[in-house]
Structure formats: C-alpha cells, structure tokens
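Welcome, and thanks for taking a look at this one with us. Please open the structure below and keep it in view as you read the notes that follow.

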Amino acid sequence: MTGAPDIRVTKAVKALAGARRDLEAGEAGLAADRAYYAMFHVAEALLLARELNFSSHGAVHGAFGREYAKTRVLDPKFHRWMLDAFRTRQKTVYDADVEISSEDAGQLIDQADEFVTATIAHLQGKP
C-alpha cells in the first residue's frame with residue numbers, strides 16, 4: 001500500500017479513532033459523522049488503488065458499488081453500510097431535530113471498523 005490509497009487509509013483510521021472518542025464523550029451524532037468518513041475514506045482508498053478518483057460522495061458511492069460490491073471483490077454489505085451511514089450522517093448533521101442513539105452510533109463504528117479492517121487486508125493482498 002503506497003501513495004494516495006495509503007493516505008486515505010490513514011485518514012480512515014484517524015476518523016474511526018475520533019468516532020470512538022466522540023461516542024465515549026456522549027457525542028453520538030459526531031461519532032456517526034466520523035464513522036461515515038472512515039468508510040468513505042477507505043472506499044476512496046480502494047478506488048485510488050485502481051487509479052479511479054472522484055470529487056463527490058455520490059460518485060465514490062457509485063464507483064465503489066460498481067467496482068467492489070457488485071463484483072463481490074469485497075462483501076457487498078460494506079457498500080450498503082456506507083450508504084446507510086451517509087444517510088444517517090446527512091440527517092444528524094443537517095436536521096437539528098434528528099438525534100442518533102449511542103447504540104446506533106456504536107453500530108456504525110463497529111461497521112466502519114470492519115470495513116477499514118477488510119480494506120487494509122485487501123490492499124495488502126490478504127484474503
């Protein structure tokens with residue numbers, strides 16, 4: 001793993017650590033936001049490994065679905081989790097009336113952790 005994919009994985013690991021800290025501090029909404037970004041950054045890393053680069057969340061979501069989920073290079077659940085986390089993030093960040101529970105934020109963090117771990121293994125050539 002070198003270059004741009006490596007940088008994105010580092011960002012993902014940092015976002016995941018931040019999500020855990022936010023959850024411990026009682027900030028479930030912030031934790032959910034960071035958990036989504038952990039997933040987004042590893043999706044970018046995987047696409048960059050194929051020399052694919054996109055400038056919008058929607059483009060990254062779509063390309064990850066085509067390149068990795070639909071082809072089952074990685075478990076399609078990661079694509080579904082990223083899309084669900086994005087929708088949750090959008091609601092909690094932009095709708096002042098929407099809050100997320102600590103349990104739901106914890107689930108997003110667990111999913112992000114699994115996605116990050118699978119991405120690192122894939123980029124290192126491990127099954």
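Let's begin with Arg72, which is exposed, with a relative accessible area of 62%. This residue is found in the loop between α3 and α4, and its phi is near 60°, a positive value in a residue other than glycine. Please keep in mind that the model is predicted.

**Loop residues with positive phi**

- As background, most residues other than glycine have a negative phi.
- Arg72 departs from that pattern with a phi near 60°.
- Glu51 also has a positive phi, near 60°, and is a residue other than glycine.
- You will find Glu51 in the loop between α2 (28-49) and α3.
- Is Glu51 buried or exposed? With a relative accessible area of 75%, Glu51 is exposed.
- For a sense of scale, Glu51 and Gly26 are 25 residues apart in sequence, and their C-alpha atoms are 39 Å apart in space.

**How α1 and α2 pack**

- Two packed helices are described by the angle between their axes and the distance between the axes.
- For helix α1 (residues 4-24) and α2, the angle is about 165° and the axes are 8 Å apart.
- That angle makes α1 roughly antiparallel to α2, since angles over 145 degrees count as such.
- The crossing of these two helices, α1 and α2, is left-handed.

**How α2 and α3 pack**

- Moving along the chain, α2 and α3 pack at about 60°, with 10 Å between their axes.
- The two helices α2 and α3 are therefore oblique to each other.
- Their crossing is left-handed, with α2 passing α3.
- On the α2 side, the residues that meet α3 are Tyr36, Tyr37, Phe40, Ala43, Glu44, Leu46 and Leu47.
- Their partners in α3 are His57, Val60, His61, Ala63, Phe64, Glu67 and Tyr68.

**How α3 and α4 pack**

- What angle do α3 and α4 make? Helix α4 (residues 77-94) packs against α3 at about 165°, with the axes 10 Å apart.
- The contact is made by His57, His61, Phe64, Gly65 and Ala69 of α3, together with Phe78, His79, Met82, Leu83 and Phe86 of α4.
- The pair α3 and α4 is therefore roughly antiparallel.
- The crossing in which α3 passes α4 is left-handed.

**Inside and outside of α3**

- Which residues of α3 are buried? They are Val60, His61, Ala63, Phe64, Gly65, Tyr68 and Ala69.
- The cover over these buried residues of α3 includes α2, α4 and α5.
- Arg66 is also found in helix α3, but at 49% relative accessibility Arg66 counts as partly exposed.
- Between the C-alpha atoms of Arg66 and Ala4 there is a separation of 20 Å, with their positions 62 residues apart along the chain.

**Aromatic rings**

- How many aromatic pairs turn up in a search of the whole structure? The search finds eight.
- The rings of Phe64 and Tyr68 have centres 5.6 Å apart and planes at 15°, so this pair is stacked.
- Phe64 and Tyr68 both belong to helix α3 (residues 57-69), where they are four residues apart, about one turn of the helix.
- An α-helix has 3.6 residues a turn, so residues three or four places apart point the same way.
- Both Phe64 and Tyr68 are buried.
- A wider cluster is linked by ring pairs and takes in Phe64, Tyr68, Phe78, Trp81 and Phe115.
- Tyr68 has a charged companion too: the charged end of Arg50 sits over the Tyr68 ring, 4.3 Å from its centre.

**A buried glutamine in α5**

- Gln111 has its place in helix α5 (residues 102-123).
- Why does Gln111 count as buried? Its relative accessibility is 12%, and buried means under 20%.
- Leaving aside residues up to four places away in sequence, Gln111 touches Met39 and Trp81.
- Trp81 is also a member of the aromatic cluster described above.

Notes
Residues are numbered from 1 along each chain as its sequence is written. This is a predicted model: local features need pLDDT of at least 70, side-chain atom pairs count only at pLDDT 80 or more; totals for chains, interfaces and linings use all residues. Side-chain values use heavy atoms; hydrogens and water are left out. Buried means under 20% relative accessible area, exposed over 50%, partly exposed in between (1.4 Å probe, protein chains only). Contact means heavy atoms within 4.5 Å. Rings of Phe, Tyr and Trp (its six-membered ring) pair if their centres lie within 6.5 Å; planes under 30 degrees apart count as stacked, over 60 as edge-to-face and the rest as tilted. A charge sits over a ring if NZ of Lys or CZ of Arg is within 6 Å of the ring centre and within 35 degrees of the ring normal. Axes are lines fitted to C-alpha atoms, for helices over the stretch in contact, and angles run from 0 to 180 degrees between N-to-C directions. Angles under 35 degrees count as roughly parallel, over 145 as roughly antiparallel, 65 to 115 as roughly perpendicular and the rest as oblique. A crossing is left-handed if the near helix is turned anticlockwise from the far one by less than a right angle, and right-handed if clockwise.
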